[in-house]
Amino acid sequence: MSSDVRTFFVSTAQVILLTVVIITITFLAIKPDPDHYFAGSLLHLHLLENTPSPRIILVGGSNVSFGIDAELMQRTLGIPVINDGLHAGLGLAPLRELEEYIHAGDEIIISLEYDLFANQDVLNGDPAFLSDWIEYSPRRVKYLSNPWEEAPGIYAIMLQRKVNRKVNTYLFGGSLNEVRDIFVGTKYDLNGDFIGHLQETSTNRRKIPATSYPVSGLQDDIFVFLENFNRIAREKGARVYFEAPASRQSNCKATGKAQMADFFKTFAERSSVPVLTPFDDVCLPNKYFFDTEYHLNAQGRELRTKRLIENWIKVTTALK
Amino acid sequence: MLFNSAAFLVFFPVVTTAYFLLPHRFRWMLLLAASCYFYMAFIPKYILILAVTITVDYFAGLGLEKFEGRKKRWVLMASILTNIGMLAFFKYFNFANENLALLAKFIGWNYPIHSLAIILPIGLSFHTFQSLSYTIEVYRGHQKAERHFGYLALYVMYYPQLVAGPIERPQNILHQLHTEQRFEYPRVTDGLKRMAWGMFKKIVVADRMVLFVNPVYSDPTNHHGPALVFATLAFAIQIYCDFSGYSDIALGSAQVMGVKLMKNFDHPYFARSISEFWRRWHISLSTWFRDYVYIPLGGNRVARPRWMFNLFITFLISGLWHGADWTYIIWGALHGFYLVVFALTEPFWRRLSALTRLDRLPRLKIVISTLTTFFLVTFAWIFFRAASLAEALYIVRHLGSGWRSYLVQSGHVLQEGFQNIANLGPYSIVSAIFTIFTPLTEESRTVIALTAFALMILIVIEVLQYRGNLLEELHQKPVYLRRIVYASLIAVILIFGTSYASVQQAFIYFQF
């Protein structure tokens, strides 16, 4: 080996090492943000690890975290209930995580937003949301749809978002509350329900556009996943149900009743997971919605939870 | 394959390592295979276009050496027709056809020819011009015909400059490809540093500018004058960093393998006149047009009106070279117009400068002429960037609109910021400044702040490079300091680069 090649390898190794040191220090110095909405996922994880079975676990996107009251369910039914709902932008990753914590006797109620059925990208999760979620528990990287392929990109995004957040904190004079609004990670109750929106007095926080729900062109992958999830749960002695996501009357109307009915018909045909929600209960009046077509306000959350309790009792009784 | 892709991060070290490990006689094969792979990462079948071009020009080169007189001219014509024919078919057929159809409709004729569903091959204009320069140089006797088909193919296809230049001349590159290159530490590391700087310009600056440019240029009718001006200035920075960043990566990667490509950019925004701008911007293309279009037309050694015509027509063709659209033609024409006007009014400017005593203030004169050149160039970029001629004209017409209300509102925000200092401290001023910027960019204050940081690095380095050889100066510093500087640059690219966080941005000039 010539002296030039040797010098090159030594100097390159030094530069790479220094780069790794700079990046590692940056990475470690900026801690996960305790006020981020996704900080609630640590509480969810804690509940999944420490709540004894049998229990009811509610899982899905923000239609679950905003729109089902696990605490009320627990009080009514007398068994532990965990709200593991967080954000539809995470795709199926939270369900993959949940798979590990299923125990015999668990009752799992999945409520996925329509977008996850119709769009492959949504199903895989948004890289920015996933990187924020993984930041709270790095081992979550294994719940990505293609961990080896996606992990380097996710960690690169995580690094950028950490730095962005730090810069953002400085620019906002030390607090990000101005941009966070109600979406703060400390606003969860002991069952994992998000409660940041319950204090809002207005029922309709902002004008929600009456766009249609994406209920057509359903992806095969989601049904394959649900079947697999159901099989694993059964093998572990648990049961899985599907609850319709919170659906707003005007948006249902824009979608079309026949199309909505088709969605649930297709679901029943392609999945062995029983649906808890009777079709007539799927769409809720506009007054029960908070800020998006999936987020219920306090009144809507109460109504939906009471109906869910009734439906769950009916279906489980029938299954017995 | 994109230089700013993960695939290139693997491709480059593998090819370079194999290059230095292989005996010289096999290296051309490796580089040719690597170049084919690099090109085929886009649309594989288009490699056939290159195969045809190279084969025709290979035999044309041999024929040009063999024949004399009329036969020689016929051979040259065959080569030019093949090259230009490919370009005309893939790049200009639909444009010409659509315009003919419009004309036919206007005069009430039935025009039966439909446009073709073809995708423009990546870098077609670049490798066609490079191939053409080979046959022209052989015809002129400046270059011997290449007898080794593989080396000629490599000359046209050499991957660092295959898809976006620099457009090389055979005299500069062919002999370098034939020469055995050894691993030389200073040359290899200088090449890598150049690549890193190019990556910074592309990933950290240019791709960040996209955030300010695209929202406005994708829908200019929904934006007022200040936003249009801001987006246009951002595009001026974007295109410079995008294209010169690409050129730096190309030059750097070739340098690592011992090939010195021609300089393509030389701080163009420091130019004090439009003609100087074109001596500093896309140098390989402007010299190509100078050598093969402008001078053959007579250059400036003709009567004044003909000289003006030569200037104008050269830039008009240059505009057309960039893209088959009226926006590019007008962009080229605008630069031709600038040059003609400045050539015609040069005595007037000299007299004005003497009259206003600007001659006695050379620094002020430099600032004024540099800014004037920059704003003229930036104004022309409107036509280059706009999606259509109608949108470009809309932007031009509305550059001055909405300033009054924007400035009044900004004034109020700033005033409020100053009033709040007592309660909120200096943060209230910072907040006011970001509030003023937000309507222009529609971006968060974090994005604006990080962009300002990236621009600050860019400007400092550019000024230092302009004033002297930055790498030479850096070599004088202690080793540990140099290592920290290089590691920091790589870390900044990884942390602040936008490609990972959003959709990877292709280089702008790939489309040409």
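## Exercises: a core and two contact surfaces

The largest nonpolar core has 182 residues, and those with the most contacts inside it include Leu58(A), Ile108(A), Ala231(B) and Phe383(B). Such a core is a set of buried Ala, Val, Leu, Ile, Met, Phe, Trp, Tyr and Cys residues joined through C-beta atoms within 7 Å; buried means that 20 or more other C-beta atoms lie within 10 Å of a residue's own, with C-beta atoms placed from the backbone.

This is a predicted model: local features need pLDDT of at least 70 and side-chain atom pairs pLDDT 80 or more, while totals for chains, interfaces and linings use all residues. Residues are numbered from 1 along each chain, and chains are lettered from A in the order in which they are written.

**Exercise 1.** Find which helix gives the largest share of this core.

*Solution.* Start with chain B: helix H9 (residues 225-256) supplies 18 residues, the largest share. (Helices are DSSP runs of H or I, at least four residues, numbered from the N terminus.) Next, domain 1 (6-181) and domain 2 (274-376 + 387-393) of chain B both give residues to the core, so it lies between them. Those bounds come from an automatic or database domain assignment.

**Exercise 2.** Work out how many residues of chain B are in contact with chain A.

*Solution.* Two residues are in contact if their C-beta atoms lie within 7 Å. Counting that way, 23 residues of chain B meet 24 of chain A. Now look at the helices: H21(B) gives the most to chain B's side, with 9 residues. Finally, sort that side by class: 17 nonpolar, 3 polar and 3 charged residues. Here Ala, Val, Leu, Ile, Met, Phe, Trp, Tyr, Cys and Pro count as nonpolar, Asp, Glu, Lys and Arg as charged, and the others as polar.

Technical notes
Buried ≥ 20, exposed ≤ 12 C-beta atoms within 10 Å, placed from the backbone. Helix = DSSP H or I, 4+ residues; strand = E, 2+ residues; numbered from the N terminus.
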